[in-house]
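Got your viewer open? Here is a short walk through the model, stop by stop, with something to select at each one.

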Amino acid sequence: MAKNLVIVESPAKAKTIEKFLGADFTVKSSFGHIRDLPKNGMSIDIEHGFEPTYEVSADKKKTVTELKKLAKDSDIVWLASDEDREGEAIAWHLSEALKLDDKKTKRIVFHEITKPAILKAIETPRKVDKNLVDAQQARRVLDRLVGYELSPVLWKKVKAGLSAGRVQSVSVRLVVEREREIDTFNSESSFKVTAEFDLGTESGNGHSRLRAELPKKFKNEKEAKSFLEKCIGAEFKVEDLETKPSKKSPSAPFTTSTLQQEASRKLSFSVKQTMVVAQKLYESGKITYMRTDSVNLSDIALAQAAQEIESRFGKKFVEVRKYKTKSANAQEAHEAIRPTDISQDSISGDRNEERLYELIWKRTIASQMAEAILEKTTATIGISTTEEKLEAQGEVIKFEGFLKVYMESTDEENGNGEERILPPIKVGQVLSLQQMQARQTFSRPPARYTEASLVKKMEEMGIGRPSTYAPTISTIQDRGYIEKGDREGKPRFYTVLILNPGFKSEKPGILNKEEQEITGAERAKLFPTDIGQVVSDFLVKFFPDIVDYQFTAKVEEEFDAVARGEKVWNKMISEFYKPFHKTVESSADIAKSEAQGSRNLGVDPESGKPISVRIGRYGPMIQIGSSEDEEKPRFSSVPAGKRMDEITLEEALELFRLPRVIGKTKTGEEIAANFGRFGPYIKYGKMFVSIKPDDPFSITLEKALKLIAEKEKSEKEKYIQTFEGSAIQVLNGLYGPYITDGKKNAKIPKDKKPEKLTLSECEELIASAPAKGARRRFVKKS
């Protein structure tokens with residue numbers, strides 16, 4: 001038996017570390033957390049210092065038994081979970097659950113999974129840091145208190161099954177308020193003037209053009225037209241050429257937040273996907289720890305980077321930089337995210353891992369490279385008939401510096417990032433006007449959040465920490481408060497005024513054209529759902545502290561104070577809980593209709609009863625009448641894609657004319673069209689068929705019959721085998737053929753043909769298959 005037992009959270013991490021340690025070490029995984037608050041019940045003793053009661057989850061009992069036996073037979077147990085607060089908590093829970101002897105238990109931490117880092121950690125062990133554990137415990141207890149007490153209020157007042165979280169609710173509020181800003185934004189138009197000059201033939205390479213624009217915009221078409229009219233017959237002359245040197249500096253190495261943002265912009269990764277891929281890179285020893293808000297690089301990493309840059313690009317590209325973390329509460333780790341071996345610019349394996357690694361390598365290398373030297377030239381062009389001046393700007397890269405490797409992206413990209421070089425011109429040169437136009441432009445509302453820009457906003461406001469960004473954004477989408485999606489743009493007309501200088505025999509003048517563009521298209525943006533808006537409004541009105549930005553940031557600062565040993569964790573919880581619990585108790589007086597975001601649309605002309613829209617049991621719905629009426633109210637679902645705050649009285653009345661009978665099938669079954677929870681559909685007999693993107697009001701019988709035929713064909717192709725007198729079926733599934741009895745699914749062995757299986761073979765495979773949901777689960781931190 002090995003003398004040393006090393007316990008980590010994941011099997012992948014265990015596999016990598018085991019390679020670096022000798023035969024005296026056994027490395028085992030706890031498969032994440034082994035203890036937590038029970039799923040049922042609060043399990044927090046409020047009367048006795050908010051003491052939590054933890055339990056070993058059922059799927060971890062076997063793991064705990066195995067680890068206990070190994071620990072008993074070992075001389076030393078090394079707790080090697082991650083170095084952040086959650087990792088410290090895992091180490092403490094292991095110590096408690098395994099009843100480890102403090103004298104033979106050591107805690108080790110490392111920023112990277114490399115042999116030198118692991119061996120150094122073994123040489124410098126410490127005890128479990130109870131302050132870090134208490135900070136994580138405070139977060140867990142506080143979030144349980146909020147969820148356990150606030151969620152039932154939402155069930156009673158808004159809709160059953162809803163849940164509320166402290167950081168999640170604030171994140172939803174950010175998205176809801178941004179959507180309201182967009183809704184109330186009034187776009188204003190203005191006119192932008194641009195001109196193009198022909199500089200004549202240059203070195204036999206065709207005509208050289210100079211593009212210039214008027215620095216100011218005109219408020220309306222009349223002012224723009226007046227300016228263009230002044231320019232008819234004018235002389236355009238270069239009055240000044242000003243050249244200014246400028247510099248561009250590289251960005252700091254990646255933190256969790258900036259990695260999530262750049263991976264979203266450059267690789268189109270979701271925040272969750274970034275963290276999953278980064279975790280794999282960390283556990284395989286490719287990068288340093290990926291949950292960090294530090295931009296610091298170790299002295300060894302700085303030296304490696306400098307050596308690599310000099311060997312690849314030359315000494316003039318090297319500029320060693322030590323970045324300082326802006327956040328006063330940086331606490332997750334002591335180094336930025338970087339490759340463990342900076343000389344390795346790529347890896348082989350999973351494509352997403354390759355792409356993310358390359359991004360991290362480039363950012364790390366660029367952070368230690370020289371500034372880019374630029375030269376910006378501005379040409380001022382005088383107009384003989386007016387005092388206004390045109391300007392032409394160009395930029396030339398004189399020395400690439402870090403741009404040779406990497407350029408940071410932004411959320412709002414402008415242009416294609418290419419440099420624009422001015423053609424050769426000189427002061428006093430008279431220019432030949434080729435074309436001048438004034439184009440109508442429109443001011444834009446604030447941009448909707450992407451996952452990455454929401455992370456950036458949360459970080460700026462102090463909401464959450466590196467370990468919480470990804471789970472928070474995943475949770476608010478999983479709970480149906482926020483949707484990530486695309487939106488098609490809408491056509492918009494705009495005016496273009498074109499000055500015709502009067503070439504050849506043409507008469508000078510102004511041409512007025514109306515053109516069309518597509519505007520408002522969105523890709524992978526975050527939109528609040530009706531439920532999200534109603535819940536956010538409810539919390540803002542009745543639980544303002546829970547969704548207050550400053551209050552949420554203050555709570556995070558208090559967690560930091562606990563981690564530093566400056567505050568007692570349960571005292572901090574007590575200060576929060578007393579006023580919070582009092583507010584929860586007073587919520588019984590809140591009217592349900594007010595909580596459900598009820599909005600009166602008007603009166604039904606047939607019955608004279610009020611029509612309203614609100615959140616119902618199955619989501620947003622429209623109601624005619626009220627529960628106090630003798631006659632039961634009538635209900636209709638709000639169609640998918642339509643928001644509660646957008647629907648009008650006329651649209652609501654149309655919905656109550658549904659279902660619409662559009663004809664019959666060939667067998668005489670009635671076909672009816674309607675809206676449902678998952679969008680528009682047609683129903684015949686017991687069958688439902690989606691009709692997206694058509695709607696129930698306009699779909700024709702011909703189209704309906706075509707969709708029915710396609711549905712019946714796909715249903716027929718779904719069945720490979722059925723057995724008379726048995727519920728067992730052999731079906732075609734999304735991932736290939738499988739066997740089911742309606743309760744359990746079974747895989748088909750590779751050496752068996754699905755169409756040749758006998759009933760007895762299917763029964764054996766079903767009997768040996770695990771029950772649905774019985775798979776062992778390992779949930780990684782993300």
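Start with a single side chain: does Thr 552 count as buried or exposed? Select Thr 552 and turn on a surface: its relative accessibility is 2%, so Thr 552 counts as buried. Bear in mind as you go that this is a predicted model.

**Stop 1: around Thr 552**

Colour helix 15, since that is where you'll find Thr 552. Now show the neighbours: leaving out residues up to four places away in sequence, Thr 552 touches Arg 166, Val 170, Ile 463 and Ile 546. Next, draw a distance from the Thr 552 side chain to the backbone oxygen of Asp 548; a polar atom of that side chain sits 2.8 Å from the oxygen. For a jump along the chain, add Ser 171: Thr 552 and Ser 171 are 381 residues apart in sequence, yet their C-alpha atoms are 10 Å apart in space.

**Stop 2: helix 6 against helix 15**

Select residues 166-184 for helix 6 and residues 549-563 for helix 15. How do you describe a pair like this? Two packed helices are described by the angle between their axes and the distance between the axes. Here the axes come within 10 Å and cross at roughly 145°, and the crossing is left-handed.

Switch on side chains. From helix 6, pick Arg 166, Val 167, Val 170, Arg 173, Leu 174 and Glu 177; they meet Tyr 549, Thr 552, Val 555, Glu 556 and Phe 559 of helix 15. Colour that contact by residue type and you get 6 nonpolar residues, 1 polar and 4 charged.

**Stop 3: Arg 173**

Stay on helix 6 and centre on Arg 173. Buried or exposed, this arginine? Arg 173 has 16% relative accessibility, so it counts as buried. What does Arg 173 touch, once residues up to four places away in sequence are set aside? Show Ser 536, Val 540, Val 547, Asp 548 and Tyr 549, which are its contacts. Then look at the backbone oxygen of Val 547, which lies 2.7 Å from a polar atom of the Arg 173 side chain.

**Stop 4: a sheet at residues 4-8 and beyond**

Switch to cartoon and pick out strands 2, 1, 7 and 8: in that order they make an open sheet with parallel pairing. Its edges are strand 2 (25-29) and strand 8 (105-107), each pairing on one side only. Rotate the sheet and you'll see the twist: on average, neighbouring strands are turned by 25° against each other, direction ignored.

Zoom in on strand 1 (residues 4-8), which runs parallel to strand 2 and is joined to it by 5 bridges. Label Asn 4 here, then Phe 25 opposite it in strand 2. Now add helix 1 (residues 11-18): this helix packs on the sheet, touches strand 1 and strand 2, and points at about 165° to the direction of strand 2.

**Stop 5: strand 20 and its two hairpins**

Select residues 610-616, which is strand 20; 6 of its 7 residues are buried. Strand 19 (residues 599-603) pairs with strand 20 in the antiparallel sense over 4 bridges. The two form a hairpin with 6 residues between them, and Gly 608 in the turn has a positive phi of about 75°. Moving on to strand 21 (residues 619-624), the pairing with strand 20 is again antiparallel, over 6 bridges. That hairpin has 2 residues between its strands.

Ile 611 is a good residue to label: Gly 602 stands opposite Ile 611, and Ile 611 in turn stands opposite Ile 624 in strand 21.

**Stop 6: an antiparallel sheet**

Which order do the strands of this open sheet take? Select them as 27-28-29-30, 4 strands with antiparallel pairing. Strand 27 (719-722) and strand 30 (745-747) are the edges, each pairing on one side only. Between neighbours the average turn is 30°, direction ignored.

Within the sheet, strand 28 (residues 729-733) and strand 29 (residues 736-740) pair over 5 bridges, with Gln 729 opposite Thr 740. Then bring in helix 19 (residues 701-718), which packs on the sheet and touches strand 27 and strand 28; helix 19 makes about 55° with the direction of strand 27.

**Last stop: zoom out**

Reset the view to take in the whole chain, with 20 helices and 30 strands. Its C-alpha trace spans about 95 × 80 × 65 Å along the principal axes. Of the 782 residues, 48% are buried.

Notes:
Residues are numbered from 1 along each chain as its sequence is written. This is a predicted model: local features need pLDDT of at least 70, side-chain atom pairs count only at pLDDT 80 or more; totals for chains, interfaces and linings use all residues. Side-chain values use heavy atoms; hydrogens and water are left out. Axes are lines fitted to C-alpha atoms, for helices over the stretch in contact, and angles run from 0 to 180 degrees between N-to-C directions. A crossing is left-handed if the near helix is turned anticlockwise from the far one by less than a right angle, and right-handed if clockwise. Contact means heavy atoms within 4.5 Å. Ala, Val, Leu, Ile, Met, Phe, Trp, Tyr, Cys and Pro count as nonpolar, Asp, Glu, Lys and Arg as charged, and the others, Gly among them, as polar. Two strands pair if DSSP finds at least two bridges between them. Buried means under 20% relative accessible area, exposed over 50%, partly exposed in between (1.4 Å probe, protein chains only). A polar contact is a pair of N or O atoms within 3.5 Å; within protein, one must be able to donate a hydrogen and the other to accept it, and residues adjacent in sequence count only if both atoms are side-chain atoms.
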